[in-house]
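I opened my notebook to look over this fold. I wanted to go through the strands, the core and one loop residue.

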Amino acid sequence: MKRNNRGFSPKALRFMMFWLLIVLGITGVLSSVTSLWLQTKSSESMKYEVVDFSAARDRLFDFSGRQLTQSDSLIGKNDSAGDMLYETLPKEGDVIGTLKMVSLNKTVKIIQGTSRTQLKKGAGHYINSALPGEIDNCVISGHRETAFLGIGKLVVGDSLVVTTSAGVFTYQVVETRIVAADDTTVIVPSDIAMLTLTTCYPFNTPGYSPDRYIVSAILIESNE
């Protein structure tokens with residue numbers, strides 16, 4: 001029987017190649033399953049983030065650290081101010097408008113609500129926060145892999161342009177920061193028109209997101 005320089009017979013080589021192909025096939029399947037599982041976990045992580053937002057409304061704090069009562073909530077503040085820009089409030093699942101991150105040359109849809117279904121379609125507007133253009137804190141969440149891919153490249157001074165049925169609103173980024181997933185300061189009310197973008201962090205660790213990346217911006221121009 002002929003053998004190669006390493007002493008393996010053709011039959012032994014074929015046997016080794018057969019099992020190598022099997023191992024590679026199993027590895028590929030496991031990799032695909034793992035990737036799908038991580039994507040699902042990432043989606044669930046973002047869903048839990050917005051659930052945390054809702055649960056935190058009874059313990060909101062303003063920027064001075066004073067705890068707010070339920071009557072001081074975001075919606076109540078807008079109603080009393082009489083600054084409602086929208087004749088009718090959008091329903092959950094409605095497309096509110098678009099958000100353009102100018103420096104990234106990226107435009108995404110803004111969907112009312114932050115469920116898994118809505119976040120698959122674009123960036124989700126946290127229902128209990130102000131609507132774009134209103135005097136208060138407008139909170140919008142998005143997945144780091146899709147709607148808010150590249151958000152970490154935004155810097156202070158960059159423009160965020162939101163277009164809705166009420167007009168075109170230009171915000172300027174004033175701060176970026178990283179907070180814990182349960183940090184309630186993300187949704188504190190504001191005396192000025194603010195836009196808060198939030199996504200999971202770190203950016204490149206699918207399925208692992210103990211923190212949130214926050215972009216804070218203020219309204220600098222309004223064309224109603």
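My entries follow, in the order I looked things up.

**Entry 1: the model.** I am working from a predicted model.

**Entry 2: the sheet.** I traced the strands first. I found 8 strands that close into a barrel. The order around it is β1-β2-β3-β4-β7-β8-β6-β5, and the pairing is mixed. I then checked the twist. Neighbouring strands of this sheet are turned by 30° against each other on average, with direction ignored.

**Entry 3: strand pairs.** Strands of a sheet pair through backbone hydrogen bonds, either parallel or antiparallel. I went through three pairs here.

- I looked up β1 and β2, which pair in the antiparallel sense over 6 bridges. Met-101 stands opposite Lys-106 in β2.
- I looked up β6, residues 167-180, against β8, residues 211-223; this antiparallel pair runs over 12 bridges. Val-168 stands opposite Asn-223 in β8.
- I looked up β7, residues 194-201, which also pairs with β8 in the antiparallel sense, over 8 bridges. There, Met-194 stands opposite Ile-218 in β8.

**Entry 4: the core.** Which residues touch the most other members of the largest nonpolar core? I listed Leu-99, Ile-140, Phe-148, Leu-160, Leu-195, Leu-197 and Val-215, out of 25 residues in that core. Next I asked which strands supply it with at least two residues each. They are β1 (95-101), β2 (106-112), β4 (137-141), β5 (159-164), β6, β7 and β8. Apart from this core lies another, of 6 residues. Tyr-126, Val-139, Val-186 and Ile-187 are among them. As background, nonpolar side chains tend to be buried together in soluble globular proteins.

**Entry 5: Phe-148.** I picked this residue out of the core list and checked what it touches, leaving out residues up to four places away in sequence. Phe-148 touches Leu-99, Met-101, Lys-106, Ala-123, Ile-140 and Ser-141. It also touches Gly-142, His-143, Leu-197, Thr-198 and Thr-199. Met-101 and Lys-106 in that list are the facing pair from β1 and β2.

**Entry 6: Gly-157.** I found Gly-157 in the loop between β4 and β5. Is Gly-157 buried, exposed or partly exposed? Its relative accessibility is 35%, so Gly-157 counts as partly exposed. I set aside neighbours within four places in sequence and looked for contacts. Gly-157 is in contact with Gln-172 and Val-173. I also took one distance. Gly-157 and Ala-217 are 60 residues apart in sequence, yet 8.9 Å apart in space, C-alpha to C-alpha.

Methods
Residues numbered from 1 in each chain as written. Predicted model: local features only at pLDDT ≥ 70, side-chain atom pairs only at ≥ 80, totals over all residues. Heavy atoms only, no water. Pairing = 2+ DSSP bridges. Helix = DSSP H or I, 4+ residues; strand = E, 2+ residues; numbered from the N terminus. Core = buried A, V, L, I, M, F, W, Y, C linked by side-chain atoms within 4.5 Å. Buried < 20%, exposed > 50% of the residue type's maximum accessible area, 1.4 Å probe, protein only. Contact = heavy atoms within 4.5 Å. Axes fitted to C-alpha atoms, helices over the stretch in contact; angles between N-to-C directions.
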